[in-house]
Amino acid sequence: MSFETADQSLLAAAFRRDGYVVLRGFADETEVDTLRTVAGEHLALGLAPVEFEADVGYPGSPSSRSAEGGSTVRRLLGAAGRDPRLRSWATSERAAGVLTALLEADSVSVSQCHHNCIMTKHPGYSSATLWHQDNRYWSFDKEELVTMWLALGDETRANGCLRVIPGSHVLDLDRGRLDAELFLRPDLAINKSLITTAVPVELRAGDVLFFHSRLFHAAGKNLSNDTKLSVVFTYHDVNNRPIAGTRSAQFMSLPLGSAAL
Ligand SMILES: O=C(O)CCC(=O)C(=O)O
């Protein structure tokens, strides 16, 4: 859907059905250039806090920070606190308009806990991410969060774009279909058949993918010659609270729209 022509109720209906929607050209060229510049500067400096590929231990990642490729960054963390331009992207009225429709909420906030990052995928030492729901990271009263994923460059199968399983946000899977880390177990025939229904979400710079925290998704390695950069924030209804004492409650969420900082 193109951003200009998207009707909020159609958008919300597509999201309820599929668990995701893509808005083409949601960010304009100037915004993409600005955020790419910020990302490039912070990456070049290795500006903390960062997560390294070696930290996640996913398929293809270097075995340790001291191994070859061990200094490959996976995520520039704490994005909303890094730079006012990232914060204003995360908390804009435009984002609020879409997210209140998708979350069917009067008012939404952006979490500063997990995600809240610039996701990078480098040629050479990037890892693949297995099939999972983002609720493996979250502890909220309700498993109703939405991630806004902005492509700062083209995202294709070759450079490890996200793949999603449409409609999987409404599935209720037995715990045994997931491994200890809450990834879908690829050895089970029933999971193999679910995975055959997956679709790649290819994006152009400026396109945004909104997806539900229960939607199963995965991504491959970056097999191209260029680093892939995406800006990733996750949102919740202000009345959907993080569980006290969990990582989701570690930092305050930020308000959106006119209430934003
Ligand atoms: O780009 C990737 O490898 C996928 C990232 C992802 O799904 C996640 O961190 O939850």
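Biologist: Over how many bridges do strand 7 and strand 10 pair in the antiparallel sense?

Modeller: The model is predicted: local features need pLDDT of at least 70, side-chain atom pairs count only at pLDDT 80 or more, and totals for chains, interfaces and linings use all residues. Residues are numbered from 1 along each chain as its sequence is written. Leu150 has Val208 of strand 10 as its bridge partner. Strands pair if DSSP finds at least two bridges between them, and for strand 7 and strand 10, which run antiparallel, the number is five.

Biologist: Which residue of strand 10 stands opposite Tyr20?

Modeller: Helices (DSSP runs of H or I, at least four residues) and strands (E, at least two) are numbered from the N terminus. Strand 1 and strand 10 run antiparallel and are joined by four bridges. In strand 10, the residue opposite Tyr20 is Phe211.

Biologist: How many of the five residues of strand 10 are buried?

Modeller: A residue is buried if 20 or more other C-beta atoms, placed from the backbone, lie within 10 Å of its own, exposed if 12 or fewer, and partly exposed in between. Val208, Phe210 and His212 point one way from strand 10 and are buried; Leu209 and Phe211 point the other way and are buried too. Strand 10 is therefore largely enclosed by the rest of the structure, and its count of buried residues is five.

Biologist: Which residues, beyond its neighbours within four places in sequence, is Val208 in contact with?

Modeller: Contact means C-beta atoms within 7 Å. Across the chain, among contacts between residues at least 6 apart in sequence, 81% join residues at least 24 apart. For Val208, the residues in contact are Leu23, Phe26, Ala27, Met148, Trp149 and Leu150.

Biologist: Which element gives the largest share of the largest nonpolar core?

Modeller: A nonpolar core is a set of buried Ala, Val, Leu, Ile, Met, Phe, Trp, Tyr and Cys residues joined through C-beta atoms within 7 Å. The largest one has 58 residues, and Leu99, Val146, Met148, Val208, Leu209, Phe210 and Tyr235 have the most contacts inside it. The largest share of this core is seven residues, and they come from helix 6.

Biologist: Which strands are included in what covers the buried residues of helix 6?

Modeller: Helix 6 spans residues 93-103, and its buried residues are Ala95, Ala96, Val98, Leu99, Ala101, Leu102 and Leu103. After the helix comes Glu104, with a positive phi near 50°. The cover of those buried residues includes helix 1 (8-18), along with strand 1, strand 4, strand 7, strand 10 and strand 12.

Biologist: Which strands each supply at least two residues of the shell around the ligand?

Modeller: A residue belongs near the ligand if its C-beta atom lies within 6 Å of it. The residues around the ligand are Met119, Lys121, Thr129, Asp134, Gly160, His217 and Ala219. The strands that each supply at least two of the shell residues are strand 5 (117-121) and strand 11 (217-219).

Biologist: Is Gly160, one of the residues around the ligand, buried or exposed?

Modeller: Gly160 sits in the loop between strand 7 and strand 8 (162-164). Leaving aside neighbours within four places in sequence, Gly160 is in contact with Lys121, Ser126, Ala219, Gly220, Lys221, Asn222 and Lys228. Because Gly160 has 24 C-beta neighbours inside 10 Å, it counts as buried.

Biologist: Which are the edge strands of the open sheet of four strands?

Modeller: The strand order in this sheet is 6-11-8-9, with antiparallel pairing. Strand 6 and strand 11 are joined by two bridges, and His132 stands opposite His217 in strand 11. The strands that pair on one side only, and so form the edges, are strand 6 (129-132) and strand 9 (199-200).

Biologist: Is Leu182 buried, partly exposed or exposed?

Modeller: His115, in the loop between strand 4 and strand 5, has a positive phi near 60° and is buried, with 24 other C-beta atoms within 10 Å. Leu182, in the loop between strand 8 and helix 7 (189-195), also has a positive phi, about 70°, although it is not a glycine. With 14 C-beta neighbours inside 10 Å, Leu182 counts as partly exposed.

Biologist: Which residue follows Ala48 across a cis peptide bond?

Modeller: The omega of this bond is near 0°. The residue lies in the loop between helix 2 (29-45) and strand 2 (50-52). The cis bond runs from Ala48 to Pro49.

How values were computed
Two residues are in contact if their C-beta atoms, placed from the backbone, lie within 7 Å.
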